[in-house]
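Here is a set of short exercises to help you find your way around a new structure. Have the model open beside you, try each task, and then read through the solution.

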Amino acid sequence: MAATTGSVLDISSSIAGLLREEHRTDHLQVLKKFTAALRDKEYRDAVDEETFSSLLKVSSRLCDDLLAVGCEHVDLQSVGLQLQLTAECFRAQRNACVQSTRNQSVLRELGFIDVSIKHLSFLQTTRVESRDGILESLRIGIQFLGNMSVGNQTCKDDIWQRSFPNLLLQLLSVDDDKAVHYASMVLHTCLDEAKVEELSDPRNIQLALRVMELCRTQPDLDWTVLIATQHFLKSSTLVESMYSAMSHHERVTLLELLSAQLQEEDSEECGIPPNVARFLATSFQKCCGAVLTLATGSTSSDEVLHEALTVISQLDVLCEMTSDHKQFMFLQDHPDLLVTIVELLRQVHVIGKASKNIFSAAQNFSSFSGDDSPTAQSPVISFKAHLIRLIGNLCYSNTDNQNKVRELDGIPLILDNCNIDSNNPFISQWAIFAIRNLLEHNTQNQEQIASLERRGAADYSALRELGFLVEERDGSLLLKTVRKDS
């Protein structure tokens with residue numbers, strides 16, 4: 001311990017000495033020695049407040065000097081040294097905070113957060129030619145904020161108060177992947193339920209939208225995906241605010257994240273609030289007609305295409321929400337949702353049969369052998385199948401919905417989609433599933449199927465898989481129960 005105490009005193013004296021001299025290259029070695037020493041936990045715990053205070057004064061002086069580079073006559077060599085010294089100050093600060101609540105608190109109380117925010121605000125806007133030096137200082141300065149905030153709520157709150165929303169948005173917009181990575185780490189560490197609600201304010205929404213943009217453009221950036229799934233998707237207010245402010249292709253990214261979150265193993269604890277489901281169901285009802293524009297094959301703009309793709313993604317999310325998610329089964333009673341789904345299925349089915357178009361059934365199974373085929377690229381792959389899937393979900397153990405589908409003539413419509421269709425993989429299986437849910441404990445629906453007159457080449461083998469046998473007698477069809485293995 002005596003050796004450590006001696007080292008602390010020596011380095012502390014050397015750092016204090018930097019304040020009495022103009023910046024020189026040998027000052028860099030003093031700071032590097034301090035940075036290296038701080039990697040040792042015993043040394044970190046022994047550094048006194050006076051040493052950190054001297055470091056803060058060095059950092060503050062460097063900040064003031066760098067702010068002066070806006071004048072016309074700048075000594076680029078001098079700026080380069082100042083940036084190196086700044087980076088080393090940040091390194092020392094970063095190392096000092098590792099697993100040390102005490103040092104985090106000391107640095108916060110001394111004012112390191114304020115000075116560091118001032119540094120970062122300058123670094124991310126300056127146009128000094130020494131780009132490498134700027135990026136190095138910027139990256140390490142952001143890392144320091146990350147280390148300051150880990151496990152220390154007071155530091156998190158201080159950093160949030162001084163950087164939200166403008167600086168955080170600016171740091172997430174820097175043209176440097178590493179800086180963006182570190183900034184997203186800081187944001188994730190600072191966020192909590194109350195701060196997420198602040199993001200939904202129209203004055204702050206751009207920060208949330210930037211995170212979502214990074215989820216779309218840099219999907220390998222884990223921190224932004226974690227921010228979205230662990231925080232954003234748990235706030236119905238923020239989801240609605242973001243959705244309303246997004247373009248259609250940005251909405252698709254949000255919907256894909258929702259769908260992925262619903263498919264997680266612990267899906268019952270996915271954290272997505274009920275109001276998000278209500279919002280998406282209502283939005284789908286309002287906009288679902290957009291998908292019909294794809295039938296003409298003449299979508300005049302990317303915006304029209306992206307709107308249709310948004311509808312398709314909404315359908316995927318609604319299918320997931322109503323599949324083994326008890327917390328979302330209230331969607332069975334969402335006003336007119338089932339009516340909208342059945343009518344949309346009818347329109348898509350009629351359009352597909354009227355002429356050859358994107359909704360027409362196909363038997364082009366060679367398309368599954370490569371990714372460059374027209375079928376593989378079709379934006380409506382499985383759309384009809386998922387409409388039928390959602391009908392089945394909404395009718396599960398729900399007599400009112402079972403009856404409503406019958407009243408809408410939805411049963412023959414679903415039966416007409418039992419044939420194999422390469423544009424809708426597994427459509428026959430989803431039709432079987434839907435018919436099963438429509439017939440369960442519903443004698444009226446069973447009687448309707450039994451009384452149907454044969455209409456073309458219906459594939460009633462699907463019903464056999466459910467345990468029903470269709471027999472023709474006197475021109476009508478009768479439904480009988482049979483053992484599935486018979």
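## Exercise 1: A residue inside a helix

**Task.** Decide whether Gln314 is buried or exposed, and find which residues it contacts beyond its neighbours within four places in sequence.

**Solution.**
- Step 1: Gln314 has a relative accessibility of 1%, so it counts as buried. Keep in mind that this is a predicted model.
- Step 2: Gln314 is found in helix H18.
- Step 3: Setting aside neighbours within four places in sequence, the contacts of Gln314 are Tyr243, Leu255, Leu280, Ser283 and Phe284.
- Step 4: Cys288 is 26 residues from Gln314 along the chain, and their C-alpha atoms are separated by 9.0 Å.

## Exercise 2: Checking the span of two helices

**Task.** Work out what span helix H18 should have at 1.5 Å a residue, then do the same for helix H19.

**Solution.**
- Step 1: H18 covers residues 302–321, which is 20 residues.
- Step 2: The expected span is 1.5 Å times one less than the number of residues, so H18 should span 28 Å.
- Step 3: The end C-alpha atoms of H18 are 28 Å apart, in agreement with the expected span.
- Step 4: H19, residues 337–354, has 18 residues and should span 26 Å; its end C-alpha atoms are 26 Å apart, which agrees too.

## Exercise 3: What covers these helices?

**Task.** Find which residues of H18 are buried and what covers them, then turn to H19.

**Solution.**
- Step 1: Among the buried residues of H18 are Ala308, Val311, Leu315, Leu318 and Met321.
- Step 2: The cover over the buried residues of H18 includes helix H15 (236–245), helix H16 (248–262), helix H17 (274–287) and helix H21 (383–395).
- Step 3: In H19, the buried residues include Leu337, Ile341, Leu344, Leu345 and Val348.
- Step 4: For the buried residues of H19, the cover includes H17, H21, H22 and helix H23 (410–415).
- Step 5: A general point helps when you look along a helix: an α-helix has 3.6 residues a turn, so residues three or four places apart point the same way.

## Exercise 4: Into the core

**Task.** Find how many residues the largest nonpolar core has, and which helix gives the largest share.

**Solution.**
- Step 1: The largest nonpolar core has 141 residues. Those with the most contacts inside this core are Phe34, Phe232, Met242, Val291, Met321 and Phe383.
- Step 2: Helix H5 (residues 76–96) supplies the largest share of this core, with nine residues.
- Step 3: Take Phe232 as an example. Not counting residues up to four places away in sequence, Phe232 touches Leu191, Leu199, Ala208, Val211, Met212, Ile227, Leu238, Val239 and Met242.

## Exercise 5: Helices that cross

**Task.** Find at what angle helix H22 and helix H25 cross, and at what angle helix H13 and helix H14 cross.

**Solution.**
- Step 1: The axes of H22 (residues 399–407) and H25 (residues 443–450) come within 9 Å and cross at roughly 30°. That angle makes H22 roughly parallel to H25.
- Step 2: Gln402, Asn403 and Arg406 of H22 make the contact with Gln444, Asn445 and Gln448 of H25.
- Step 3: For H13 (residues 205–217) and H14 (residues 222–230), the axes come within 9 Å and cross at roughly 125°. H13 is therefore oblique to H14.
- Step 4: In this second pair, Val211, Met212, Leu214 and Cys215 of H13 meet Thr224, Val225, Ile227 and Ala228 of H14.

## Exercise 6: Unusual backbone spots

**Task.** Find which peptide bond is cis, and where Ser382 and Phe426 lie.

**Solution.**
- Step 1: Start from a general rule: most residues other than glycine have a negative phi, and most peptide bonds are trans.
- Step 2: The peptide bond from Phe164 to Pro165 is cis, with omega near -10°. Pro165 sits in the loop between H9 and helix H10 (166–171).
- Step 3: Ser382 is not a glycine, yet has a positive phi of about 75°. Its place is in the loop between helix H20 (374–377) and H21, and at 12% relative accessibility Ser382 counts as buried.
- Step 4: Phe426 has a positive phi too, near 70°. Phe426 lies in the loop between H23 and helix H24 (427–439), and is exposed, with a relative accessible area of 58%.

Key:
Residues numbered from 1 in each chain as written. Predicted model: local features only at pLDDT ≥ 70, side-chain atom pairs only at ≥ 80, totals over all residues. Heavy atoms only, no water. Helix = DSSP H or I, 4+ residues; strand = E, 2+ residues; numbered from the N terminus. Buried < 20%, exposed > 50% of the residue type's maximum accessible area, 1.4 Å probe, protein only. Contact = heavy atoms within 4.5 Å. Core = buried A, V, L, I, M, F, W, Y, C linked by side-chain atoms within 4.5 Å. Axes fitted to C-alpha atoms, helices over the stretch in contact; angles between N-to-C directions. Parallel < 35°, antiparallel > 145°, perpendicular 65-115°, else oblique.
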